[in-house]
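Please consult the sequence and the structure shown here before reading the report.

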Amino acid sequence: MPPVLAGSDPLRHGFAATPPLGHQGEALAPAAIGAGIMIKEESTVFHRVIMGNLEYSVADSLAGVSHGFSTRLGGVSTGHLASLNLGHHRGDDPEHVLENYRILGRAIGFTPEDTVFPMQRHTDIIRLVTEAQRGEGLFRETAQVCDGQITDRPGVALVAFSADCTPVLLYDPVRRAIGAVHAGWRGTAAGIAAKAVAAMTDAFGCRPEDIRAAIGPCIGKCCFETDADVPEAMVAALGEKARPAIEARGEKFHVDLKSINALWLREAGVAAIDISPDCTACDPARYWSHRRVGDRRGSLAGIIVLK
Ligand SMILES: [Zn+2]
């Protein structure tokens, strides 16, 4: 069955065409963002791919490299893990997880044996992986804690898990290198997305301006209510530039993790950044949200692989 490309619907989540760092409808002028920045309207840059029951999303910025951001739709897992659970430590039947990777891999263009899982711990550690790590996670334990992975090897499918946290995929079409990052609020404050760009520069000689980025579905500012510690960490890391992504509501705060990750990427020199309009906590039929259901949930993933 040919995939159906459907435009995403940003209006459902109140994220309509908000440019990164836009705040309450106040879009930043391009001059305030920086010269040569390509920021496209969110509604046009992410697309849903629908193949039978399977649904995932792809970003225009990553055209030319096989990739996808999963939903919970289209797998074989059951109960609260129904149905496309990609997490191997969620209490799922390992055969179901394996089959879910087969299903998604057939659509995106990898096999379960190609995958390399990170051992995510909300760090800012990036690890360089090669063919030697293929199968880590699904077939043997991942050897090293990290929250970001990079490679220039074809056939190595990098995985970044999420369920509210921000998945970021990176692609340099010039040097042919990729990255996959898990950025929760701690990783976001630590600038792990920018550190992945720096790691690609160091390891592969990438130029940041050649690197293209996609920030996948995660908890939106609409639902990410925090205490003062989260905005304080963002301002400590980024200064006043972080303020437009923070909104005080009474004694609480709402923080836009997508915008802050985009800010880190721009600071690192990345120009092409696409941002998913979807909020994982707003849409329980499509996404798992740790904020919404706690630990009884499956895992989503962003996956990228060079041919
Ligand atoms: Zn929301």
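The report describes a sheet, a helix packed on that sheet, and a further helix with its surroundings.

## Basis

The structure is a predicted model.

## The six-stranded sheet

An open sheet is formed by six strands, arranged in the order E6-E7-E10-E9-E11-E15 with mixed pairing. Its edges are strand E6 (126-128) and strand E15 (272-275); each has a single partner strand, so one side of each is left without a neighbour in the sheet. On average, neighbouring strands of this sheet are turned by 15 degrees against each other, direction ignored.

Strand E11 (residues 212-215) runs parallel to E15, and four bridges join the two. Within this pair, Arg 212 stands opposite Ala 272 in E15.

## Helix H5 on the sheet

Helix H5 (residues 192-204) packs on the sheet, where it touches E6, strand E7 (148-151), strand E9 (166-172) and strand E10 (177-183). The direction of H5 makes about 155 degrees with that of E10.

## Helix H6 and its surroundings

Helix H6 spans residues 229-238, and its buried residues are Val 230, Pro 231 and Met 234. These residues lie on the same side of H6, because they cover an arc of only 95 degrees around the axis. The exposed residues Asp 229 and Ala 236 are carried on the face turned away from the buried side of H6.

The cover over the buried residues of H6 includes helix H4 (185-189) and helix H7 (257-267), together with strand E12 (225-226), strand E13 (246-249) and strand E14 (252-255). After H6 comes Gly 239, which has a positive phi near 70 degrees.

How values were computed. Residues are numbered from 1 along each chain as its sequence is written. This is a predicted model: local features need pLDDT of at least 70, side-chain atom pairs count only at pLDDT 80 or more; totals for chains, interfaces and linings use all residues. A residue is buried if 20 or more other C-beta atoms lie within 10 Å of its own, exposed if 12 or fewer, and partly exposed in between; C-beta atoms are placed from the backbone. The arc is that of the directions from the helix axis to the C-beta atoms. Two residues are in contact if their C-beta atoms, placed from the backbone, lie within 7 Å. Two strands pair if DSSP finds at least two bridges between them. Axes are lines fitted to C-alpha atoms, for helices over the stretch in contact, and angles run from 0 to 180 degrees between N-to-C directions.
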